[in-house]
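Me: I would like to go through the pockets and one helix pair here, with the reasoning behind each label.

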Amino acid sequence: MKTFVSVDWGTTNLRLRLVATPHLTILEEVVSPKGIKTIYDEWLAFGGEKENYFLTFLQQQLALFTTTISEEVTIVISGMASSSIGLRELPYASLPFTTDGKTLLVEKISSAIIPNLIQLISGVKSDSDVIRGEEVEIIGLINEEDKKQAVVFVTPGTHSKHVLCEKGTITNFFTYMTGEMFSVIAEHTLLKNSIEKMPLEAAYLASFEQGVQKTMEGKSILNTLFKVRTNTLFREKTNAENFYYLSGLLIGEELKSLKKLPCDTIKLCAGGQLFELYHRAIHVLGLESKTQIVEKREVDRAVVKGQWKIIENN
């Protein structure tokens with residue numbers, strides 16, 4: 001049985017999977033909260049050669065597999081590992097970008113620390129934006145029907161991405177700092193005293209929807225955010241309700257841009273609570289009729305499928 005190690009190394013998390021080909025069966029998985037930023041910060045404090053520091057940490061994670069990873073097993077890495085704060089900085093591919101992955105830069109790395117062949121995948125840039133990792137997801141997700149139309153893939157997260165594919169070619173993409181802005185507001189502004197994180201319940205969804213609806217009034221988000229404060233002052237909402245109201249404001253602000261994006265289909269690629277909130281926001285914004293839901297299992301496997309397709313085509 002032939003295998004490869006899939007490494008999805010993001011800003012805040014690391015995920016390694018041992019994958020059997022050709023059916024891309026995931027045999028084993030190792031997950032770490034030590035994303036690229038954490039390892040980069042540790043290296044700044046520790047010193048030494050940066051690439052060696054990253055590879056040493058990666059070797060430690062590979063050792064956590066119960067299966068012995070022989071030297072013949074290729075390691076494929078995508079995400080922020082090819083950024084300026086990552087393992088090795090690679091130049092971006094440019095738009096338009098074909099979803100067969102042939103225009104991506106793939107660099108081979110050899111090292112005494114990890115004797116395996118490492119294939120590091122680069123990202124993509126537009127005139128004003130960049131992605132590293134999501135392009136691999138899209139390559140894994142896109143199907144033959146998608147290649148006949150204009151589709152925008154929505155991938156929620158700390159930095160949400162809207163990726164426009166026209167007949168199988170990525171022609172544009174947009175980054176929204178939705179998750180990061182929520183964290184900053186919730187932890188470092190006046191509004192932190194007006195919200196309380198609670199598990200999502202049906203009772204809170206009404207507040208979330210009100211937040212989404214508020215973004216449709218055409219007012220500046222800098223103004224509507226203060227409504228979170230007055231909700232508390234005027235005792236209009238509990239702090240738990242306000243938590244989801246704030247979420248609705250930010251997610252609604254992100255997704256309302258889809259109304260102006262020329263596309264036939266919206267594909268929502270999310271799992272867990274984010275899926276529930278984004279799906280609800282899409283409904284409130286009147287976009288549900290043109291939206292398709294990508295199953296969580298398919299989203300989870302997208303990086304593996306994309307990496308394998310890129311390596312095969314390169």
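Reply: In this predicted model, the largest pocket has 42 lining residues, and those nearest its centre are Gly-10, Glu-134, Glu-137, Pro-156 and Gly-157. Its volume is about 1,400 Å³. Elements giving two or more residues to this lining include β1 (3–9), β2 (14–20), α3 and α10.

Me: What makes a residue count as part of the lining of the largest pocket?

Reply: A lining residue has an atom within 4 Å of a pocket point. For the largest pocket 42 residues are counted, and α10 gives the most, with four. By class the lining has 15 nonpolar, 15 polar and twelve charged residues.

Me: Why is α3 called roughly perpendicular to α10?

Reply: The axes of α3 (residues 134–141) and α10 (residues 296–313) cross at roughly 95° and come within 6 Å. Angles of 65 to 115 degrees count as roughly perpendicular, so α3 is roughly perpendicular to α10.

Me: How do you know which residues make the contact of α3 with α10?

Reply: Contact requires heavy atoms within 4.5 Å. On α3 the contact residues are Val-136, Glu-137, Ile-139, Gly-140 and Leu-141, while those on α10 include Val-299, Ala-302 and Ile-310. Seven residues of this contact are nonpolar, three polar and four charged.

Me: What makes up the lining of the second largest pocket, by class?

Reply: Seven nonpolar and six polar residues line the second largest pocket, with no charged ones. Asp, Glu, Lys and Arg count as charged, so none of these four types is in that lining. The pocket has a volume of about 250 Å³, and Gly-179, Phe-182, Ser-247, Ile-251 and Leu-274 lie nearest its centre.

Methods: Residues numbered from 1 in each chain as written. Predicted model: local features only at pLDDT ≥ 70, side-chain atom pairs only at ≥ 80, totals over all residues. Heavy atoms only, no water. Axes fitted to C-alpha atoms, helices over the stretch in contact; angles between N-to-C directions. Parallel < 35°, antiparallel > 145°, perpendicular 65-115°, else oblique. 1 Å grid on protein atoms, 1.4 Å probe; cavity = no way out; pocket = protein on both sides within 12 Å on 5 of 7 lines; lining within 4 Å. Points joined across faces, edges and corners; volume = space filled by probe spheres on them.
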